[in-house]
Every structure is written in structure tokens, then in C-alpha cells.
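Please open the model in your viewer and keep the selection panel at hand, since this tour moves from one selection to the next.

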Amino acid sequence: NYFKNSKITGALYPLFHLVLKKAVKKAIDFASVSIYISDDLKDTYDKEFNKKSVAIYTAATVKPNLTDAKKPIFSYLGNLGVDRHIGLIKIAEALNKINPDYKLDVYGKLPNYTVKKCFEACDFLSYRGLIGYDEVKEIISKSMLVFHTESMDPFYCKDIKHGFSTKIADSLASGTCFVIFAPEMLSCTKYVKENKCGCVITDESEIEQKLKEIIADEELRNKYISNALRVVEKNHNLKKNKDNFADIINNL
């Protein structure tokens, strides 16, 4: 129940939820086809509704930078809400243990004062503020590792289980090694793990060791990058995805 907590809404929520479920079922039954943002989300809805559907992933607009030598720059760019700052601080602390000169650069809009104070209290994390998309692409291309993280809190795990961040496609297409620190049941975590297109960390105790390994092993980073570019061509190609969508509409 995500309504404001009170006796009235507590009593009304089950009725609202029932009406909502009926409306969703009616919409999907009425649709000629449903389009989902990932195979994992598609599979979940198919099990419930068993209706015609297809998955079309977010398209990437970034071109890979495979020429420049990657300096030890470690970056996170994106949403800082839903307790992502907790994982970022853990990553920053692990980087500092590996090398006192390492820091995690974080870009994005601060969601509240609490996150701001947490970042200021971490000497190994540099908050760089909100930047434009062109600068985002440039920073990703210059980084040795680009990170994504999600909260380990059980509430958020359920809330974002099928979430698939729009920046994942661009990160995989960038030519920079992708690292995700997130619960293993999330769609994005399973996607990276199944396609072997990035370093996957699902337990806090693994962060330092896995980062030490990926930083030291250029061949391993290149393997992840190679797999990432293959999966981008398969699932995140802008022209292919546009054509697939057009074909679906035209063939109804």
C-alpha cells in the first residue's frame, strides 16, 4: 500500500488495487500487441496474461571509444534517488582501499539534503553535479569503469525489480567497461550477467575483490567490452529497434 498512511486509505487501498488490476487486464486484453522494455518484464507479463507481446530494449545513441587508453577514472552518471547513494559510497570506499589515489566521480541531481551530507562525509567520492548529455557521453568514454548501482533494501528490490535504466544501453555501447552493483533478482542485473557484458557484483563483501580484479586485468575488461558491443548490436541498435517497432505496427 503506497497511499498515505491513514485509516481511510488503508481501508480503501484493497478496493483501489482490485479496480487497478481489472483495468490493466482489460487494457492488455484489448491491445493487439504489448511491447515491453526487456525480455524479463515480457516473460513476467506473459505468464500472467498470455497475450501477444514483444520486447524492444532502449536504443543506444553512443558511439564506442576504443582508441584512447583508459586512465583510472571511475564514474557514475545518473539518478541518485531510491538509496543509490548507499551503494555508491560502498564502491568509493572499496576503490580507496585498492588505491588511496582512486576516487569515484558521481554526476547527477541530488534528490535531497541527506544524500548531499552523505556524499560530503565520504572523502573517496567526488560529487560533480548535474551535467548535459554530451558531457555525459564524453566522461563515459574517458572512464576506465562506468558504474550502475541499485539499492539492496528489500522494499526497493521489489519496487524496481523489472526496472531497466535507460543509461545501461549507452554505457554498454560506450567502449568502457561496465560494472553493476545491485541485487541479483533485478532485470538489469540478470541481463548483464546472462550476456557477460559487464562485471556483476551482487554482494557487498565482493566489491573490493571484484574491482581489484577488473582494474588489474585489461584483458578481462576488453572481454566484457566486446560482449557489450555484441549485445548492443543485437538489442540496442537504434535503426533495428525503430524498424522492429514499425514492422509490429504495420503488420497488425
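In this predicted model, begin by selecting β3 (74–77), α5 (133–142) and α7 (167–173), each of which supplies at least two residues of the lining of the second largest pocket. To find the middle of this pocket, add Leu-77, Gly-78, Asn-79, Val-136 and Lys-167, which among its 19 lining residues lie nearest its centre. The pocket has a volume of about 350 Å³, and if you colour its lining by class you should find 8 nonpolar, 7 polar and 4 charged residues.

Next, clear that selection and choose α1 (7–30), α2 (39–49) and α6 (154–159), which each give at least two residues to the lining of the largest pocket. This pocket has a volume of about 920 Å³, and its lining is made up of 19 residues, with His-17, Leu-20, Lys-21, Tyr-45 and Lys-158 lying nearest its centre. Coloured by class, the lining shows 9 nonpolar, 4 polar and 6 charged residues.

Which helix supplies the largest share of the lining of the largest pocket? That share, 6 residues, comes from α1, so keep α1 selected for the last stop, where its course can be followed from end to end.

Along α1, stop at Tyr-13, where the helix bends by about 35 degrees, and then show Pro-14, a proline that follows within four residues. Finally, place a distance between the end C-alpha atoms of α1, which are 35 Å apart; because 24 residues at 1.5 Å a residue should span 34 Å, the two values agree.

How values were computed:
Residues are numbered from 1 along each chain as its sequence is written. This is a predicted model: local features need pLDDT of at least 70, side-chain atom pairs count only at pLDDT 80 or more; totals for chains, interfaces and linings use all residues. Side-chain values use heavy atoms; hydrogens and water are left out. On a 1 Å grid over the protein atoms alone, a cavity is a set of points where a 1.4 Å probe fits but cannot get out, and a pocket is an open set with protein on both sides within 12 Å along at least five of seven lines; lining residues have an atom within 4 Å of a point. Grid points are joined across faces, edges and corners, and a volume is the space filled by probe spheres set on the points. Ala, Val, Leu, Ile, Met, Phe, Trp, Tyr, Cys and Pro count as nonpolar, Asp, Glu, Lys and Arg as charged, and the others, Gly among them, as polar. The expected span of a helix is 1.5 Å times one less than its number of residues. The bend at a residue is the angle between axes fitted to the seven residues ending there and the seven starting there.
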